[in-house]
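Student: Could we go through this model together? I would like to understand the words people use for it.
Tutor: Happily! Here it is.
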Amino acid sequence: MTTTAGTSARGQLQSGTGAVSHAQQRARTPADVSLVLIGACFVLPLLWLVFASLDASAGHEARFPGQFSVDNFAAIMTPGLLFQPLWNSMVLSAGTAAVNLVAAVLAAYPLSRYQSRFNRPFMYTILFGTCLPITAIMVPVYGLFVQLHLLDSMPATIFFMATTTLPMAIWMTKNFMDAVPVSLEEAAWVDGASGLTALRTIVLPLMRQGLGVVFIFVFIQAWGNFFVPFVLLLSEARQPAAVSIFSFFGQHGAVAYGQLAAFSILYSVPVLALYVIVAKGAGSSFALSGAVKG
Amino acid sequence: MAVSLRRVQTGHRRRRPGLRRQARLLPVVPAVVLLLVFLAGPVLWAFHASFTNAALTGRNARNPGWIGFDNYARLLSDPMLPLSLGLTVLFVGGSAIVGQNLLGLTLAVLMRRARRPVAAVVGTAVVAAWVLPEIVAAFAAYAYFSRDGTLNQLLGGLGLGQTDWLYSFPLVAILLANIWRGTAFSMLVYRAALSDIPGEVTEAALMDGAGGWQRLAFITIPMIRGSIATNLMLITLQTLAVFTLIWVMTAGGPANASTTLPVLAYLEAFKFGDIGYGTAVASVLILIGLVFGAAYVRLLREDKP
């Protein structure tokens, strides 16, 4: 992670100061124009969300609202419609992230600090686990939950969701932990501290930022997850916003598009904010360096 | 006597560090238990349940019976399987391997040439579609492609004919929507890869008079081929698992024209209530995922011996 950030920063410096040629300067304008055109295509579908949310009589089209109104937002700000689902999302996502963090830190410590024949095969198995298509196992997971009487249980759903992101979390946590020098702990070991004491008092405080990245990364994934709670949580009182938004607006006949857009925006804001925090703090390719580089 | 004593001692000495070394691995246990119960468990359970007549409701829901290879025999003779496999291949090939991959590379290359503020703004727009929760992205794509949606509005403004995209061209609609949703990942991977190419290499090529396309074809692409392979593998796996986008936009329809494998598994299990058969479909998908996953791990392993 840190090495990636370092090299990419160096790459940018070099291209910024050294080798910028006239050819590159001349190539800038066509590149700008093509980028803006592609970027416009990416923005277009999002325009509807913003316009419709502020338009009391919104339909499917991205129409600039004749007159701005916050009626849509006012209409959905009820405990049953908005706050309960968002609270459920919060509990699910925070629970998932907490389980991930504890399990990943514990697992990463021996993998990062002790040499063992067990390490490499384990890390490759973990990597393999990140590849499993989660949607493919949802039907069998449903069958399993029925047999174990775990259907519609918040804790069971949290543990399942935590496990789906755990391989990635272990992989990232180990990379962050590898960046903390061992020499500090060795001093603690000499003083008679056990491995876990050294972990708690020395390693974890030094990798606070990395732990924050892992927590937010898992939180974002859980917050946006639709399919897992859609299959495993049946009662409306437990469903997170991703599922309630679908059942309230997707299945009933007359769809209030303006309210749908307003709900979507309120539901997306926390994730966008968290992403900005992480991207600002750790470089925009934060998740990828864990996934791709290792 | 002395020899045997020494042997006992060394044996003793060898066993204790061994024990302690194993105790050191104890913190890994919670993670391993979770992975076994909730990840390996369902995969094994899937292969088991696909041999039963487990149902969503009724008598077979509580006590599924063993029916051997019946589900797989039915699957092989089901006209839905070739259709769904074909749609999945088209969806993954078109939206991930061609669409996201090429567009991501194009964006990354253009961003290095463009002015910095332009690159930053466009990068934010591309990433926004990727960071949004999947259900919100799916609603936005649905509104965009629907009959009175933004796309038809634009086509109408240009004086072109309008069609009901989700009804007449459902595969094209979900393909484009998935390109829109997922290109950011490829773009970020390629931006990181391109910034790792040393400036001297590009400089030397410029001195030799290589043009933009020549540099791209003979220097840039060969130098980032590791990232290209990794990216292709990861986006293939991600796209293989896409469900929400398709479910919200078309629900697999009309007339199964956009029923990829995840949608088919869901429909069989939860709409037609046949958990056993749905699990057999899911098992096919899991197998495809396992093959790609194994190939991916091999690829990384060869990369770093």
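Student: What does Ser84(B) touch, not counting residues up to four places away in sequence?
Tutor: Ser84(B) touches Thr259(B), Thr260(B), Leu261(B) and Leu264(B), where contact means heavy atoms within 4.5 Å. Before we go on, this is a predicted model, so local features need pLDDT of at least 70, side-chain atom pairs count only at pLDDT 80 or more, and totals for chains, interfaces and linings use all residues. Residues are numbered from 1 along each chain as its sequence is written, chains are lettered from A and ligands numbered from 1 in the order in which they are written, and side-chain values use heavy atoms, with hydrogens and water left out.

Student: Why is Ser84(B) called buried?
Tutor: Buried means under 20% relative accessible area, exposed over 50%, and partly exposed in between (1.4 Å probe, protein chains only). Ser84(B) has 0% relative accessibility, so Ser84(B) counts as buried.

Student: Where does Ser84(B) lie, and what makes its link to Leu261(B) a polar contact?
Tutor: Ser84(B) lies in helix H5 (residues 80–113) of chain B. Helices (H or I, at least four residues) and strands (E, at least two) are DSSP runs, numbered from the N terminus. A polar contact is a pair of N or O atoms within 3.5 Å; within protein, one must be able to donate a hydrogen and the other to accept it, and residues adjacent in sequence count only if both atoms are side-chain atoms. Here a polar side-chain atom of Ser84(B) is 3.3 Å from the backbone nitrogen of Leu261(B).

Student: What does the side chain of Thr88(B) reach?
Tutor: The backbone nitrogen of Leu261(B), at 3.0 Å. Thr88(B) is also found in helix H5 of chain B, and its relative accessible area is 5%, so Thr88(B) is buried.

Student: How do you know whether Trp247(B) is buried or exposed?
Tutor: Its relative accessible area is 14%, so Trp247(B) is buried. Trp247(B) sits in helix H14 (residues 244–249) of chain B. Leaving out residues up to four places away in sequence, its contacts include Phe226(A), Phe230(A) and Phe246(A), as well as Val263(B).

Student: What describes the packing of two helices?
Tutor: The angle between their axes and the distance between the axes.

Student: Why are H10(B) and H13(B) called roughly parallel or antiparallel?
Tutor: Axes are lines fitted to C-alpha atoms, for helices over the stretch in contact, and angles run from 0 to 180 degrees between N-to-C directions. Angles under 35 degrees count as roughly parallel, over 145 as roughly antiparallel, 65 to 115 as roughly perpendicular and the rest as oblique. The axes of helix H10 (residues 170–195) and helix H13 (residues 225–240) of chain B come within 10 Å and cross at roughly 155°, so H10(B) and H13(B) are roughly antiparallel. The residues of this contact divide into seven nonpolar, six polar and no charged.

Student: How do you know the orientation of H11(B) and H12(B) to each other?
Tutor: Helix H11 (residues 199–207) and helix H12 (residues 212–223) of chain B pack at about 165°, with axes 11 Å apart. H11(B) and H12(B) are therefore roughly antiparallel too.

Student: How many helices and strands are in chain A?
Tutor: Chain A has 14 helices and zero strands, and 54% of its 294 residues count as buried.

Technical notes
Nonpolar A, V, L, I, M, F, W, Y, C, P; charged D, E, K, R; others polar.
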